[in-house]
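Visitor: Could you take me through one part of this model closely, and then show me what surrounds it? I work in computational chemistry, so please give the cut-offs as you go.

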There are 2 protein chains.
Amino acid sequence: MRYLVKISYNGSQFNGFQYQLEGRTVQGEVEKILGRMHKKPVRIHAAGRTDSGVHAREQFFHFDSDLKIPETKWQHALNSAMPDDIAIHEVQGINSAYHVRYHSHGKIYRYRIYQGAVRDPFEKGLKTYYPYAVSESKMRQAMSHFVGTHDFTSFSSAKSPIENKVRHIYGFELIKTDNGYDFLIIGSGFLYNMVRILVAYVLEVGQGRWEAEKTPAIIAAKDRTLVPKTAPAEGLYLERVFLDEKTRNEALENLKIPR
Amino acid sequence: MRYLVKISYNGSQFNGFQYQLEGRTVQGEVEKILGRMHKKPVRIHAAGRTDSGVHAREQFFHFDSDLKIPETKWQHALNSAMPDDIAIHEVQGINSAYHVRYHSHGKIYRYRIYQGAVRDPFEKGLKTYYPYAVSESKMRQAMSHFVGTHDFTSFSSAKSPIENKVRHIYGFELIKTDNGYDFLIIGSGFLYNMVRILVAYVLEVGQGRWEAEKTPAIIAAKDRTLVPKTAPAEGLYLERVFLDEKTRNEALENLKIPR
C-alpha cells in the first residue's frame, strides 16, 4: 500500500530535507522511524527538497508499506515516534502508481524578516533580523516586476545544473507583521536559492541600493553576478505545495491573484 | 565603574543562567565576552537565576569595569559580541555600592502552553504542548486561591534548602492566546520550581483531576508529595524583574491587581 503524508518541520536543527551520510536530515529521521517500524529499510519520496535551516509548514512525501495498520491509525503511530521538530498532519492511502514529485502544481514560499533596535532571541531560527529601514512602496514596486513568466537566471544559484530557468510567478505579496515583513511568493516552480535571492534583492531595493524600475533590465540581463546576495535560510518557509490545479486555483482566488 | 545591564535570552540552548564548569550557561557566555574585552576575568551578579531551558524576557545583572567606554556605547559593544540567543537592552552606570540581588521588589513569570491535535514544530522550546481539554473556569478558580500570602511548601521543590517558604502572590492571571493559554504570576519572590509546580497543578485542576475548592487544604497541608508534577522548563519565562517598588506598583496598576 502507498501512503501520501503531509508534514511540517522546523528546519533549524536539520541539515536540510534530503538524506545525507552525515548530519541530521528530515528524510533521515523519517526513514529511521519507518525502518524501525517495518524492520527493513523504507525509502520516502518528497514533493521537493529544502535546504539546511529552511522550514516547511506544508510538505508531502509518499512511501510504500506492507504493515497492516489501518489508514486512520497511521498519523498517530508516526507522530508518537517523531522528534518534536517534525509533525505529521495527514496520512492517506493512494494509488500505487502515484508519485508525489510529478504532481506539483505550484508552491508558496514565505520569507519572514523582523526589525527592531536589537536582535530578538525568541525569533532565533524563525525570522531573519533585518534592522535597516526599508521603503514598502519601493519593495512592492520591485516585486511587481517578477510576477509573470520570466527567465530567472539573474536570480538563481549559478551552481544549478538546470538549464531551463524560465518560471512562472503567480504572485509576490508583502505582508506587514507585528515586528517586520513577510514575503509570500507563489510560483509554478522555483530554481535553487531563487526565493532567497529575490528577497535579498527586494530588501536592497527597499533600502535604496537599487532602483526598483531597473528590475526588468536585471531580469533581462540573465546574469547571476548582478545580484550577489542570498538572504539567510532561517527566514524561509515552504508554505504550501499544491498537488492539483484545483487547490492551487482556490489558493490564488483566496489571495485574489489572477491565475 | 559599575554597570547595570538589562538582558533577555532564549533559554533553549542554555543549561540555565548560572555558570557551570561544563555546559553552556548565560553567565558563562556573558563572562567570556566581558573577559575578552577586559583581558581579565569579570564576574557578573544577576537579579536571579533561571533553570536549564527557562527563558528570560527581562533579567538584570551588574558588573564592574575600568574600560573607558562611554555609557551610551556599551549596549552596542556588548550586543555585537553576544550570541543570537542573548540580547542586551540597556546598560546604565550605577552607584558602586548597588547590588542588584538586594533590589528585587518582585517578579513576573509567564508560563505558555499551546494546544492542538498535533505538536507544532515552530513552538518547540517556546511553549509546552498540552493537548488535553481544560476548563478555564476551574483553572481560574484554583488560581485565585494562591493569591495572597501563603506557605508554598506543597508547591515547591523538596530539595530547596530555604526554610521560610512563605511568599506573597500579587496576582495569578490566565490569558487566552491564539493556540492555548499563558499564565502570568506576579509575586514578591518564588521558591525553587514553584511556578512550574503551580502551573502543573492548575492544569490538572483544569483537566478535572483535582477539585479547585480543595486547593486551600493542599496549601495548608505543607506537603510536597501531594502535588507530584512539575511543568516542563520550555514554557517558562522570567517576564519582568522589579528593581524598585514604584515600577512594581505601576505594573500591578496596569494589570489592575491590588498591591
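Guide: Happily! H3(B) passes H4(B) in a right-handed crossing, where right-handed means that the near helix is turned clockwise from the far one by less than a right angle, and left-handed means anticlockwise. Helices here are DSSP runs of H or I with at least four residues, strands are runs of E with at least two, and both are numbered from the N terminus.

A word on the basis: this is a predicted model, in which local features need pLDDT of at least 70 and side-chain atom pairs count only at pLDDT 80 or more, while totals for chains, interfaces and linings use all residues. Residues are numbered from 1 along each chain as its sequence is written, chains are lettered from A and ligands numbered from 1 in the order in which they are written, and side-chain values use heavy atoms, with hydrogens and water left out.

Back to our pair. H3 spans residues 136-144 of chain B and H4 residues 194-207 of chain B, and they pack at about 140° with axes 7 Å apart. The axes are lines fitted to C-alpha atoms over the stretch in contact, with angles running from 0 to 180 degrees between N-to-C directions. H3(B) and H4(B) are therefore oblique to each other; angles under 35 degrees count as roughly parallel, over 145 as roughly antiparallel, 65 to 115 as roughly perpendicular, and the rest as oblique.

From H3(B), the residues B:Lys138, B:Met139, B:Ala142 and B:Met143 meet B:Tyr201, B:Val202, B:Leu203, B:Val205 and B:Gly206 of H4(B), contact meaning heavy atoms within 4.5 Å. By class, the contact of H3(B) with H4(B) has 7 nonpolar residues, 1 polar and 1 charged. Ala, Val, Leu, Ile, Met, Phe, Trp, Tyr, Cys and Pro count as nonpolar, Asp, Glu, Lys and Arg as charged, and the others, Gly among them, as polar.

Elsewhere in chain B, H1 (residues 26-38) and H2 (residues 71-79) pack at about 115°, their axes 11 Å apart, and their crossing is right-handed. There B:Leu34, B:Met37 and B:His38 of H1(B) meet B:Trp74, B:Ala77 and B:Leu78 of H2(B), giving 5 nonpolar, 1 polar and no charged residues.

Now for the partner chain. In all, 22 residues of chain B are in contact with 22 residues of chain A. Together the chains bury about 1800 Å², 66% of it from carbon and sulfur atoms; buried area is the accessible area (1.4 Å probe) that two parts lose on being put together, summed over both. B:Asp84, B:Pro121 and B:Phe122 supply 39% of what chain B buries against chain A, more than any other three residues.

Between chain B and chain A there are 4 salt bridges, each a side-chain nitrogen of Lys or Arg within 4 Å of a carboxyl oxygen of Asp or Glu. B:Asp85 and A:Lys124 meet in a salt bridge at 3.6 Å, N to O.
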